[in-house]
Every structure is written in C-alpha cells, then in structure tokens.
Amino acid sequence: MQKDAERMKAFVRFRRVEEGGEEGGEEGGKERFLAWHRPDHRVVPLVASFFADRFGPMRWSILTPDESVHWDGEAYHFGPGVPWSERGDPGDAEIESLWRTYYGAIFDPARVHLRKMRADMPARFHATMPELTTVPQLVREAAARTEAMIEKQGPAIPTGADFLPAERALPALREAAAGCRGCNLYQAATQTVFGEGPADARVMLVGEQPGDQEDVSGRPFVGPAGRLLDEVLGEVGIDRRLVYVTNAVKHFKFEPRGKRRIHSKPAMPEIRACSAWLRAEVESIGPRMIVCLGASAAQSFQGPGFRLLAHRGEVLTDTPWAPWWMATYHPSALLRMPDEAARVQARRAFTEDLKRVAEEMGRIGGGPDHVELRKNS
C-alpha cells in the first residue's frame, strides 16, 4: 500500500477546469484543478495531506474509481469514486504542454533504461500522464543528447558521430568507419571491424566487440565465439546469411600478454563513442528484430543500468530501435565458463533464446522460405 501511495504522489497530473460558467468567458466561474488516478488500493486518505501541503491554496480534486477527495483551500471533502468514463473533458492543453516540457528537461539520456521505466510506470497510468507521449522521441534522441551533454562539460571530445558520412547506406558507412578516430581503441587495433549481412535483414545480432581473429580478418564473429554462434544458429534453424551481424564497439580492445592479445571489456565511454555507428546501422537496415549478445551490447541500447542476468531472454516489443528486442548471452561467455554444469545450463538457455528468435523469424517471414527466395533471385 505504501508503494501505491508513493506512486500516486508521483503520477497524479492535474488539469485546469472552470466551475460555474463558460470557460474563458466574462461569466467564467472559479478555477479548479482536476486529476484522475487509478491506484490499486484505497490510498486517497493517506495522500490527501501531501497534495494540500504541496499546492497550498490551489483548489483541486483527485478522482479515483473507489473514492475522491476535494480541497477548497482550507479543508478536505471526501466523496465517492468516479469511473474513467465520467472523469470529464480532455486535459488542459497548456498544462499538458508544460508537463511535456518539464519531463523533457529532466530526462537523462545517459540513463535510458526502458525496462525500469516500464516497471516504475505501469501502463495503466499512462493515459493520465501526458509527458509519456514524448518518451519514444526522447529515447530516439538519447544518443545525440548524451553527446551534447558531454560536449557541454568541456572541450569537444571526438566520437564516432564526428566521422559519420552524409550517405547512410551500409557501403558508405563501412567505408567511413574504417577511418573512425572517435575513441582511442583504433590506435592499437589492426582495423575497424564493421557489421556484415543483408542490407534488408529482418534480424540484427549485436555483440560486444571484435576479438583477436576478427581484428585480423576484418569480419565479425569468425573466431571461437563466432563458430559457437554459427553452431547454435544451425541447431535452431537460422541461416546466418539472413542475419546482419555486428558489434557495439568496432575496434578490438585488448591487453598484451607476451605474444597473445587478451580481450579487455570496453568501457562505457567507448561504447557511447561508438554508438553512432550502431545507430546508423540500425537506421539503415531497419531490422524487425534485434538480439543483443552480452551485457555490453544490451547496455549500448538500454544504458549502463541494464543487467543481463536479471533480464536475459525477456522480449521487449515496439521499442524505438525495432519492434522486437531481446538480450541473451554472448557466446564467448559460454566458452569462458570454467564450471561444466554452469556452461551446459547456459548453453541450453542460449539455444532456447535463439530458438525463440527462429520462431519469430518464421512468423514474420524471415525463415527457410525466405532463404530459398534469396538463392533463386
């Protein structure tokens, strides 16, 4: 119940109405602010004093399906509930515009985490929260706004966005990415490893970064992790020729150990610096499905707060990037697991996740029949 009360304090949105006369006319009545909310419990008496203290002499009413409270500036008046269908006219355009402006101002693009946003703001509250209509656009602009925030903090720091070409088709992007100097990783890497696959692929697989063999060959997922990925794709019936495969970071980050180069996890600033290339690939291809392999890939979309172990295999629909989005293990994580039982269990989960991808591909028309069409075209 306490959580429900806190949600009510956070989610109630007032709109202006006129009482006792024509709105805006000389005979207009007193101004009142009205809100409708749907809590899970009868918490109106618990929160009434909060709104009275916060809004002082403002005259307001809060309606819920089970009960209502009215404040005249001096005292409460509790009444019966009001169903959604009888809540009144649409919201005041000016106030709703203010809510959108305010939310846009406090929105932190560096902390985008759609899953947490959806958990904190359940869908049943969305109809009375006008600012939520701006969320898809704010998320789409998150990368650019993050770059703008970074630029304001000091001298301009180059990122991948500074090297994007005007032409955003894949061949132009691939050529331009070869000269990217948006972070320091290019200095030790052999070359940029760009994505590969059909320009109209229905499915995009996004890994973390190239490995040693990818850095040498210039192609993604050709080393041990790539071979494991191909094996599991084959098991679930996905032809890799239909899939676009890329990485969140396009250069190999490593630590030298004698003659060996040992993978080093990219830092969040490096992931952000390279995010412009990933976004450009997504926009160019327009995939129906995005599957992130590993936490770093998922965080390149969802922000640093995303936790793979908590949300692996969960499907998000209608995201700003694709209609179908999921995160699962990176195949290299399976190869590194020292415990045999844990590795077997993770491999089984990874296979099940890709099996769901295969099933969805079949549903949207990206399965074996599409392979044959490509072969014969």
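Before you select anything, one definition: a residue is buried when its relative accessible area is under 20%, exposed when that area is over 50%, and partly exposed in between, using a 1.4 Å probe and protein chains only. F51 has 1% relative accessibility, so F51 counts as buried. The model is predicted: local features need pLDDT of at least 70, side-chain atom pairs count only at pLDDT 80 or more, and totals for chains, interfaces and linings use all residues. Residues are numbered from 1 along each chain as its sequence is written, and side-chain values use heavy atoms, with hydrogens and water left out.

**Stop 1: the whole chain**

Start in cartoon view. You will find 15 helices and 12 strands; these are DSSP runs numbered from the N terminus, with helices being H or I of at least four residues and strands E of at least two. Of the 377 residues in the chain, 47% are buried. Counting contacts with a separation of 6 or more, 69% come from residues 24 or more positions apart; a contact means heavy atoms within 4.5 Å.

**Stop 2: the aromatic cluster**

Now show F50, F51, W60, W71, Y76 and F78 as sticks: they form one aromatic cluster. Rings of Phe, Tyr and Trp (its six-membered ring) pair if their centres lie within 6.5 Å; planes under 30 degrees apart count as stacked, over 60 as edge-to-face and the rest as tilted. The structure holds 11 aromatic pairs. One of them joins F50 and F51, edge-to-face, at 5.1 Å centre to centre with 85 degrees between the planes. F51 is buried, while F50 is partly exposed at a relative accessible area of 26%.

Next, select F55, in helix α2 (residues 44-55). F55 is partly exposed, at 26% relative accessibility. Leaving aside residues up to four places away in sequence, F55 touches F14 and W60. Add G73 too: its C-alpha lies 9.0 Å from that of F55, although the two are 18 residues apart along the chain.

**Stop 3: charges over rings**

Here the rule is that NZ of Lys or CZ of Arg is within 6 Å of the ring centre and within 35 degrees of the ring normal. Pick K250, which lies over the face of F194, 5.4 Å from the ring centre. Then pick R261, whose charged end sits over the ring of F254, 4.9 Å from its centre.

**Stop 4: salt bridges**

Side chains of opposite charge can pair when their charged atoms come close. A salt bridge here is a side-chain nitrogen of Lys or Arg within 4 Å of a carboxyl oxygen of Asp or Glu, and the count comes to 17.

Zoom in on R219 and E196, which meet in a salt bridge at 2.8 Å, N to O. This pair links distant parts of the chain, 23 residues apart: R219 is in the loop between α8 (212-217) and α9 (224-236), and E196 is in the loop between α7 (170-177) and β6 (203-207). R219 is partly exposed at 42%, as is E196 at 22%. Add D230 and R240 to the selection, and you have a network of salt bridges linking E196, R219, D230 and R240.

Move on to K265 and E208, whose salt bridge is 4.0 Å, N to O. K265 lies in the loop between β9 (260-263) and α10, and E208 in the loop between β6 and α8, so the pair ties together parts 57 residues apart in sequence. E208 counts as buried, at 12% relative accessibility.

**Stop 5: helix α10**

Select residues 268-285. Helix α10 has 18 residues and reaches 25 Å from its first C-alpha to its last, close to the 26 Å expected; the expected span is 1.5 Å times one less than the number of residues. Centre on C274, where α10 bends by about 40 degrees, the angle between axes fitted to the seven residues ending there and the seven starting there. Because 14 of its 18 residues are buried, α10 is largely enclosed by the rest of the structure. Just after α10 comes G286, with a positive phi near 65 degrees.

**Stop 6: helix α14**

Finish with residues 340-364. E231 and R347 meet in a salt bridge at 2.9 Å, N to O. E231 lies in helix α9 and R347 in helix α14, so this pair ties together parts 116 residues apart in sequence. Among the buried residues of α14 are A346, F350, L354 and I364. What covers the buried residues of α14 includes β6, α9, β10 (289-293), β12 (324-328) and α13 (331-336).
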